[in-house]
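Student: I would like to go through this model by question and answer. Please show me the sequence and the structure.

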Amino acid sequence: MLLDTLGAGKLPLAIVSGEGALLWDADGRTWWDFYGGHAVTLLGQGHPRWADAIAQQARTLSFVTTVVDTPVRDRAAARLCAFTGMDQVFFVNSGAEANEAALKLARKATGRPVIIAMEEGFHGRSMGAVGVTHHYRTQHAPAHGDVRFVPFGDLEALERALDGSVAAVICEPVQGMAGVVVPPRGWLAGVKAACERNGSLLIADEVQCGLGRMGVPLASMLDGVRPDIVSVGKGLGNGFPVAACLMTDAVAATARPGEHGTTFGGGPLAAAAVEATLAIVEDEDLLARGNALGQEMAAVLGRIPGVLEVRGSGPWLGVVLDRPAKIVAAGLRDQGFLVGTSSDPYVLRLAPPAVTPVFAVRLLGEALSDVLGGAMRAAGAA
Ligand SMILES: Cc1ncc(COP(=O)(O)O)c(C=O)c1O
């Protein structure tokens with residue numbers, strides 16, 4: 001039997017099929033997917049070109065040891081580097097693994113032991129990633145690593161925490177699980193400059209905010225920053241499990257064969273999924289479409305009484321409410337809309353596919369007005 005107790009709490013639905021931004025259950029009931037499966041499906045469900053690329057690759061070469069070259073992996077790596085402006089890539093299977101590789105690389109490259117991470121940040125559920133994840137670190141004590149936490153967006157606190165023992169600063173350029181929390185403009189550039197002065201590396205965890213989620217290839221670009229190491233995942237294969245640790249040539253030059261590895265990372269199917277996903281993002285102009293969608297969502301939802309703030313950009317927004325988000329998410333679900341929540345109990349997280357039609361935003365707005373108005377009526381009646 002499927003173990004339900006590990007992993008996130010289950011929603012009371014079973015989805016059997018999807019197309020674009022729509023999902024269906026076995027009875028034919030429809031939902032608009034405004035959560036993208038935890039911010040994954042930028043292309044939406046069942047994109048024919050993506051599906052064909054994986055099927056074709058499965059027939060041609062399904063798997064071979066990662067210690068031989070495969071042209072499809074080389075093409076995927078070249079495309080990913082061109083898209084993000086980074087120099088080299090190591091493919092893994094999940095965001096947590098990308099961060100594990102990043103942390104190992106940074107400590108090895110600098111010869112220093114300490115990592116600085118952000119309060120309220122999230123980096124995954126493996127032990128190294130838990131070690132730099134503020135809340136989970138105490139849940140799983142004693143956690144891994146010599147880690148210092150500083151408040152997100154506070155450059156002075158970061159500068160005070162930096163010293164000659166710090167290998168790297170790891171942060172999400174925009175915090176996802178925390179509720180799409182955007183730092184002050186210029187903060188990430190300040191972090192990068194402080195790292196450079198201190199001989200430390202900047203690891204940008206773009207597993208959630210990167211690869212088009214914010215309407216740009218990397219969220220770091222919004223602050224004009226090129227990190228030393230970047231982790232990406234989620235949207236990289238549009239749901240095919242693949243992630244990557246990207247780095248500069250300077251960081252890559254410190255790595256030696258055998259120091260890290262993975263059985264499946266960058267296997268032919270994963271590489272085909274990456275190549276197709278990035279090609280579709282570019283060919284179908286999904287960065288621009290995602291930006292337009294995000295602007296429409298912000299405009300429509302920001303006007304609704306009960307919505308205090310809409311933050312983020314591209315098809316990735318945090319909607320701050322005047323009441324608990326879980327109840328509102330359940331109300332929206334009843335009306336046929338899937339949305340996410342976050343570790344902030346008052347924030348809904350929206351991460352729809354960039355291909356979501358704009359009229360669906362109007363429908364979501366009507367449903368949210370209804371849910372919030374209904375809750376207000378209920379509160380008034382009580
Ligand atoms: C910023 C960030 N880093 C890392 C992870 C972990 O990724 P995965 O679940 O693929 O291991 C997540 C997942 O939500 C994330 O949001």
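Student: In the hairpin of β2 and β3, which residue takes a positive phi near 85 degrees?
Tutor: This is a predicted model, in which local features need pLDDT of at least 70, side-chain atom pairs count only at pLDDT 80 or more, and totals for chains, interfaces and linings use all residues. Residues are numbered from 1 along each chain as its sequence is written. The hairpin has four residues between its strands. The residue with that positive phi is Gly-28.

Student: How many bridges pair β2 with β3?
Tutor: Strands are DSSP runs of E, at least two residues, and helices runs of H or I, at least four, numbered from the N terminus. Two strands pair if DSSP finds at least two bridges between them. Trp-24 has Thr-30 in β3 as its bridge partner. β3 covers residues 30–33, and its antiparallel pairing with β2 runs over three bridges.

Student: Which residue in the turn between β1 and β2 has a positive phi?
Tutor: β1 (residues 15–19) and β2 (residues 22–25) run antiparallel, joined by four bridges. Ile-15 stands opposite Asp-25 in β2. Two residues lie between the strands of this hairpin, and the one with a phi of about 60 degrees is Gly-20.

Student: Which helix gives the largest share of the shell around the ligand?
Tutor: The ligand has 16 residues around it (C-beta atom, placed from the backbone, within 6 Å). Among those that come nearest are Gly-95 and Ala-96. Three shell residues come from one helix, residues 95–110, and that is α4.

Student: On the buried side of α11, how wide an arc do the residues cover?
Tutor: Buried means 20 or more other C-beta atoms within 10 Å of a residue's own, exposed 12 or fewer, with C-beta atoms placed from the backbone. In α11, the buried residues include Leu-286, Leu-293 and Val-300. They sit on the same side of α11, because their arc, taken from the directions from the helix axis to the C-beta atoms, is only 160 degrees.

Student: Which exposed residues are on the face of α11 turned away from that side?
Tutor: An α-helix has 3.6 residues a turn, so residues three or four places apart point the same way. The face away from the buried side of α11 carries two exposed residues, Ala-288 and Ala-299.

Student: Which residue of β12 stands opposite Leu-348 in β14?
Tutor: β12 (residues 317–321) and β14 are antiparallel and share four bridges. In β14, Leu-348 and Leu-350 point one way, Val-347 and Arg-349 the other, and all are buried. The residue opposite Leu-348 is Val-319.
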